[in-house]
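Please open the model in your viewer and keep the selection panel at hand. The tour below proceeds stop by stop, naming what to select and what is to be found there.

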Amino acid sequence: MAIGPAGEHDGRMVYADVFARSIDDPEGFWGEAAQAVTWTKAPDRVLDSGNPPFYRWFPGGELNTCHNALDRHVEAGHGDRPALIYDSPVTGTRRTLTYGELRDQVARFAGVLRSMGVARGDRVVVYMPMVPEAVVAMLACARLGAVHSVVFGGFAPKELAIRIDDARPKVIVCASCGIEPSRVVAYKPMVDAALELAEHRPDGCVVFQREQAVAELGPRDLDWDKAMAAAEPAECVPVAATDPLYILYTSGTTGRPKGVVRDNGGHAVALLWSMRAIYDIRPGEVFWAASDVGWVVGHSYIVYAPLLLGATTVLYEGKPVGTPDAGAFWRVISDYGVNALFTAPTAFRAIKRDDPGATLLRREAISSLRTLFLAGERLDPDTYHWASEKLGVPVVDHWWQTETGWPVAANMRGLAPMPIKPGSPTVPVPGYDVRVLAPGGRECAPGEEGAICIKLPLPPGTLPTLWQDDERYVASYLTAFPGYYLTGDGGYVDEDGYLYVMGRTDDVINVAGHRLSTGSMEAVLSAHPAVAECAVIGVADELKGQVPRGFVVLKSGAEVDPATLRAELVQAVRDQVGAVAAFKRVDIVAALPKTRSGKILRKTMRGIAEGADEPVPSTIEDARVLDALRETLRGAT
Ligand code: COA
Ligand code: AMP
């Protein structure tokens, strides 16, 4: 049954009109939206579709994203408005930076980078925890027209090294440490270890020292504070709308991450539009995305979108539980008058687990909150109902991915609120011509499951390509169904046009809202001298949504103690992929189920691991292997 506040049914007509216009006349639609951006040179046209399947938004246009996010608000007289609220229960720190203060810091840090030789088009890798300096570093790159590539702090040195070698940064910016509730994580030694592994050599590294673990600096390292004190502020450098703003690596099917590129012009236009239309936020209001700057949610909705709009963003260095308790989110909402909260369902599952009755929540204290937005993984009905009931505000599931940079399907709270159907992220957002396709390209009937695709061109703000790899971009996303972008998710559309996302159709898994590749974990397992072959699959987990689970086949004659081997493999994944993978479980099996052509039957394994009565595929090489696997799993659970 559809539920939602009274009057929301009207949203459907508004939505239908706006959506139709965005698809029938994308140039008119996005040309209008582009007027909210300050351009130093107006675009020659809105969309260049002269070279399909590559599309470019706002060619000929010039702008600076940092100017749009900071300077223009200061110039408009809003220099005293809070831009960023830093709340860090793990260090006991709170700090508010106004637009004027943030602009000054960013200009100064841009001066630091410039003095190190960073110029338009150069890459800068940022490896930092949730501190304001991470935001300063990102915006300083944007100010110079340089391209940042932020790497999530939970990734291990090897993953960092892969990204350094692909992005080839001139400079690395890092903090001395990050602070997890259970331990201080020294970041600088991880950067040093990554540089040992990487072939590329950056010119230098700026280190933001934190008192919890001060780093030792080498000859090519610069202390953040000292460099800032000596720097001259730098002005904004106008760049082409089509120039890259950032590269964000994301997990693909293989162990090699994909460098998703974001341009400047389309990004600014789309994010600004989304803040009002989807999130229903106005300048001066408080928006909190409880994620991490290392993920796309952090890039788009902690850093860029709220600032482009002139809203106040909250940067929270803590967890939903344990810092200090399951009331942490309610405290932050109440302390800063948060109007909309965006997080992953797993955060709410953690709160619900620790405080099922929400005894730490007082509705009056969170009266500023209008909406809860959830994304990053499937929103399970229990969590949806719990959050709706306890918070008393609309709980909006919305679906998107690193590649798109902003929501593909949502309930557009600022444009056309619609009835909520639990289990569905509602409808395609204007600009996204979502189609569910069956093998061969036929469009699925309502209710029929298929591959969720988006008819080209994708709207502004989405990836124009992968970093220096047009071929991989086309092969990964545009080849399965020519003329369409393949999202990698499967699902269906119902009779009312509501989309249902059922999960990935590839080997990408989602662990506590963190996107990970099983391929990168398999690469670690198979490197162990005793392992002949292996498979890693994602299995359902009550808290994290999914967790990885490994299976290894030993080399013949390998003499190992099973418990020791298991512990070594778990540690190896932690050391080489990162703690964030939450890889805790691996079984030794006699063989892996395969097709006759040698392909591992991961989907079948997933089903068995989750206890489903999985049918034996007709393509299987040896059905007895499945029986043995069932036995192993039965014995292990
Ligand atoms: N730097 C270093 N280590 C990190 C890290 C970082 N930035 N982020 C996480 N880790 C480590 C954690 O310390 C933990 O290590 P451990 O195995 O030693 O305990 C491991 O990676 C897993 O971390 P996490 O995914 O945070 O799981 P958790 O069990 O500590 O907490 C939740 C579970 C649900 C509370 C937590 O995942 C959470 O807050 N999720 C919110 C969702 C979210 O932010 N998603 C982002 C996309 S919107
Ligand atoms: P990321 O690129 O890290 O944002 O992860 C994107 C993937 O997370 C998507 O391809 C989906 O598999 C999953 N995802 C994100 N949001 C949702 C959602 N609302 N419902 C279901 N899955 C989601």
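Angles between helix axes under 35 degrees count as roughly parallel, those over 145 as roughly antiparallel, those from 65 to 115 as roughly perpendicular, and the rest as oblique. The model on display is a predicted one.

**First stop: helices α3 and α4**

Select residues 65-78, which form helix α3, together with residues 99-115, which form helix α4. The two helices pack at an angle of about 135°, and their axes lie 9 Å apart. α3 and α4 are therefore oblique to each other. Their crossing is left-handed. To display the contact, show the side chains of C66, A69, L70, D71, H73, V74 and H78 on α3. On α4, add Y99, G100, L102, R103 and V106. Coloured by class, this contact of α3 with α4 shows seven nonpolar, three polar and two charged residues.

**Second stop: helices α1 and α2**

Move next to residues 11-24, helix α1, and residues 26-33, helix α2. Here the packing angle is about 110° and the axes are 5 Å apart. That angle makes α1 roughly perpendicular to α2. Helix α1 contributes V18, R21, S22, I23 and D24 to the contact, while α2 contributes P26, G28, F29 and E32. Which classes do the residues of the contact of α1 with α2 divide into? Four are nonpolar, two are polar and three are charged.

**Third stop: the loops around β2**

Select P52 and P53, which are joined by a cis peptide bond with omega of about 10°. P53 belongs to the loop between β1 (47-51) and β2 (54-57). Then select F58, in the loop between β2 and β3 (62-63). The backbone of F58 merits a check in the viewer: its phi is near 60°, a positive value in a residue other than glycine.

**Fourth stop: helices α9 and α10**

Continue to helix α9, residues 265-277, and helix α10, residues 296-309. These helices pack at an angle of about 85°, with a distance of 9 Å between their axes. α9 is thus roughly perpendicular to α10. On the α9 side, display H267, A268, L271, L272, S274, M275 and R276. On the α10 side, display S300, Y301, Y304, A305, P306, L308 and L309. The contact of α9 with α10 comprises 10 nonpolar residues, three polar residues and one charged residue.

**Fifth stop: a second cis peptide bond**

Select T323 and P324, where the connecting peptide bond is cis and omega is about 0°. P324 is located in the loop between β17 (312-316) and α11 (328-336).

**Sixth stop: ligand 1**

Centre the view on ligand 1, which is surrounded by 23 residues. The closest of these are E180, R183, K319, P320 and R574. Which distances should be displayed here? Begin with K319, whose side chain places a polar atom 2.6 Å from an oxygen atom of ligand 1. The side chain of H514 likewise has a polar atom 3.1 Å from an oxygen atom of the ligand. For V580, select the backbone: a polar backbone atom of this residue is 3.3 Å from an oxygen atom of ligand 1.

**Final stop: ligand 2**

Finally, centre on ligand 2 and show the 15 residues around it. D397, H398, T402, D489 and R515 come nearest. In the side chain of D489, an N or O atom is 2.5 Å from an oxygen atom of ligand 2. A polar side-chain atom of R504 is found 2.8 Å from an oxygen atom of the ligand. For Q401, the distance from a polar side-chain atom to an oxygen atom of ligand 2 is 3.0 Å.

How values were computed
Residues are numbered from 1 along each chain as its sequence is written. Chains are lettered from A and ligands numbered from 1 in the order in which they are written. This is a predicted model: local features need pLDDT of at least 70, side-chain atom pairs count only at pLDDT 80 or more; totals for chains, interfaces and linings use all residues. Side-chain values use heavy atoms; hydrogens and water are left out. Axes are lines fitted to C-alpha atoms, for helices over the stretch in contact, and angles run from 0 to 180 degrees between N-to-C directions. Helices (H or I, at least four residues) and strands (E, at least two) are DSSP runs, numbered from the N terminus. A crossing is left-handed if the near helix is turned anticlockwise from the far one by less than a right angle, and right-handed if clockwise. Contact means heavy atoms within 4.5 Å. Ala, Val, Leu, Ile, Met, Phe, Trp, Tyr, Cys and Pro count as nonpolar, Asp, Glu, Lys and Arg as charged, and the others, Gly among them, as polar. A residue is near a molecule or strand if one of its heavy atoms lies within 4 Å of it. A polar contact is a pair of N or O atoms within 3.5 Å; within protein, one must be able to donate a hydrogen and the other to accept it, and residues adjacent in sequence count only if both atoms are side-chain atoms.
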